[in-house]
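Dear colleague,

I am passing this structure on to you, and my notes on what was found in it follow below.

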Amino acid sequence: MLRPMMKSLAVVVALALALTLGMATAPVLAQEPPRIVIGSAVIEPMPIAVPTFIDEGGAGDYAREISRVVISDLEGTGFFRNIGEEAHISKVTSFDGGVAFEDWKAINAQVLVTGAVSVAGDRITVKFRAYDVFNGNTMEGAALQFAGTTDGWRRMAHKVADVIYSKITGEGGYFDSRVVFVSESGPKNARLKRLAVMDYDGANVAYLTDSNSIVLAPRFSPAGDRIVYTSFETGFPRITLMDVASLDRRALEEQPGTMTFAPRFSPDGRTVVFSLERGGNSDIYLLDLGSGALSQLTNSPSIETAPSFSPDGSQIVFESDRSGAQQIYVMPAGGGEGTRISGGEGRYGTPVWSPRGDYIAFTKQNAGRFHIGVMRTDGSEERLLTASFLDEGPTWAPNGRVLMFTRETSGAGGQTSLWSVDITGRNLKQIPTDGPASDPAWSPLLP
Amino acid sequence: MERRFQTGTVVSAVGHLGVILWVLVGDWLFAAVKPPETIVMTVSTVTSAEFDALQAAATPTPAKEPVRPQPKPEPKPEPKPEPVPTPEPVPDPLPDPVPDPVPTPEPPPSDAPQAAEEQAIQSDSTEIQPAPEAEKIIAPDPVQPETVVTTADVAAPAVSDQPTDAPVETLPPTDATVPKDTGDVTLTEANQDQTAETGMTTSIRPKSRPERPAPAPDVAAAETQPAETPPQDSAQLTVQPVDDAATQDAIDALLGAAAEVPVTEDVASDTPADTGGQDLPQGPPLTGGEMGNISSSIARKWNLGAASTDAMSSTVTIRVSFSQDGTPIDFKLIESDGPTQTGIDKLYETAQRAVNRAHQDGGLPLPPDKYDTWQVLDLVFDANGMRAR
């Protein structure tokens, strides 16, 4: 009797001791360093240094011009500020030479980009390295070389800038891309319009059509090799397909007594979604480019137009005035009623799904002003980025970070122009064009 | 007693006994940490008259010095010889660089005009410029460490060890370069106050579809632009002004809260044994003010200007080890939260840069007598607070 009691007591005492020691030692073992929350930050362009690329033979002005384009691309994002060469302490004279990081730290450069260019015949080679100055090493994956023909030197510069931008920010690049737009001329009430393409920064403009007929709303195919647009060549608006290389074009849907407009490719490039007007009613249709099969996606007495696929091809966002005012709706790619996602005051139109799939850009008219805005795909987090007399028709950069759109000034002499803005609303700027321009559509990143 | 009650009794007894033992022997086994002794300084008051007298007593000597100069007229020639020797060394280095540039850069100018002309021409061709060949990876870091002296080519030293005469641009953020930061709310064109220039009363409605042309198709009609839709009546304008004062208050509150966040049990349980492989010595704790100073000195260098949207939606906690002179010597990402790994990685890079830059620009305000405490710090970088909305 006594023995079991003693045994129980020993167990109790042992447990009590263990508990006591555990309570006492736990806080000591869990000792952690002081924890400090950094609750604010500065939002300012990152200082970078891009010394003129080194001429490694025959490069001539190419080295300087490529450096200039790289700097222009990076500074144009609003994310970076180039430190002029007059402030550089170290002079980079050899691509493979040493880098005195202390000298670059001293001028507060956070990233250093060195490069070299060589030309042999019509072949040009561009190589570069991007250094993290404070870590004192080359940024991972930012030591590359491109080669090609000399007439493609601008593309090489854009590619260099794309890599640097991508490595620093974590976003995809968008500099090596093109924009198709409507180039305008003549007075406002008799404007002549023709299709044109240019680099994203307004350089290398080339015209795709003459100005004998009105053209509207061009859109690139996912591969960037074709364009669909609305043409008035026959007197009626017709969606038309053009091959960019050969400029061959053909009307896609020519049912008598109908108008077709607002075309856009599906993500796989095999079908085109557009609006077809018949008897005063507009609905959205899908055309298979291979078979020519046509399928109707909406069936409503109201105006349904401006369709745009989600990047995965499963949904379509469009605008409709079925509620009495233009609003934005999302429906399955196979068609259907659609769910309204815009809920604020005013009218919403020209929705475009982001290539990243996270946002939908739109035009909003409210209280006598026009805005370009973005919202989540369920309509939440609506954010207006611009405000003016007339802003409309946003198009996404390939990385889903920047929007380009048309801005028109008021009055009889009002002019159209192209503008771009970051989706945070910062870095609003005009794209340089030879004359009035409208209806931009960004291409995918070029191969 | 039933067996089912025995278990409860035993557990209760163990608990009570543990508490009793803790009360009885706890103080003996685990002596309480003595609070740091209060430093007492004796202060004596001095009247203003006494202070003036002390100052007067201390200053007279420098006042007399200017009186004392023994201006010999002759010393003036001395400065003249001084400038003479200085220019002498300058010409010495010059001859070296002069021959250097001669071999290399002179040929390029002949190419220059050609390239410029070719590039300026706008092509009528619709073809996209030829794509560059697939990228070739260059040896990532063939560059010698900066400590190694690079043997100069004949042309010129690869990198100078010493600053040249070129003006060094110091780059503090200025009003001109730093966009106006509105805190949480991004100031965009859309939420700015309207001015007379930008304001308007009416806008035309966006065209849902093209205007149907006249019933009888006419080629001439196609060349004219469709009639514009008439302006519509405007409704009330809703503008969301940014309240700078409120934003600043919120930032200040956040900063204050950051400074006062104590070491919590949650943190300990999240990362129980990860102390960077170090035994963390205990020292006198950092005060709220000291932690606030550290936070704000890093915050001033934490630049999110080039951060991706994913990075701006992320939070990272990094464990930083410091040497005794306050140099950050080791970084470790110990906690993270965000939509993508890329975003987290980029935010981590910005955090590292912030600490390094804060150290570079005068150092972090780390109290020297508390090295044991700040030898390792956990720094939480929450970019969500700065996310544009």
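In β29(A), the residue that A:V402 takes as its bridge partner is A:D422; helices (H or I, at least four residues) and strands (E, at least two) are DSSP runs numbered from the N terminus. Please keep in mind that this is a predicted model, in which local features need pLDDT of at least 70 and side-chain atom pairs count only at pLDDT 80 or more, while totals for chains, interfaces and linings use all residues. Residues are numbered from 1 along each chain as its sequence is written, and chains are lettered from A and ligands numbered from 1 in the order in which they are written.

Strand β28 (residues 402-408) of chain A runs antiparallel to β29(A) and is joined to it by 7 bridges, where pairing requires that DSSP finds at least two bridges between two strands. β29(A), residues 416-422, is mostly covered, with 6 of its 7 residues buried, that is, with 20 or more other C-beta atoms, placed from the backbone, within 10 Å of their own (exposed means 12 or fewer, and partly exposed lies in between). A further 3 bridges join β29(A) to the antiparallel strand β30 (residues 429-431) of chain A, and among these strands' partners A:S420 is matched with A:K429. The two form a hairpin with 6 residues between them, and A:G425 in the turn has a positive phi of about 95 degrees.

In chain B, B:H359 lies in helix α9 (residues 341-360) and counts as buried because 21 other C-beta atoms lie within 10 Å.

With best regards
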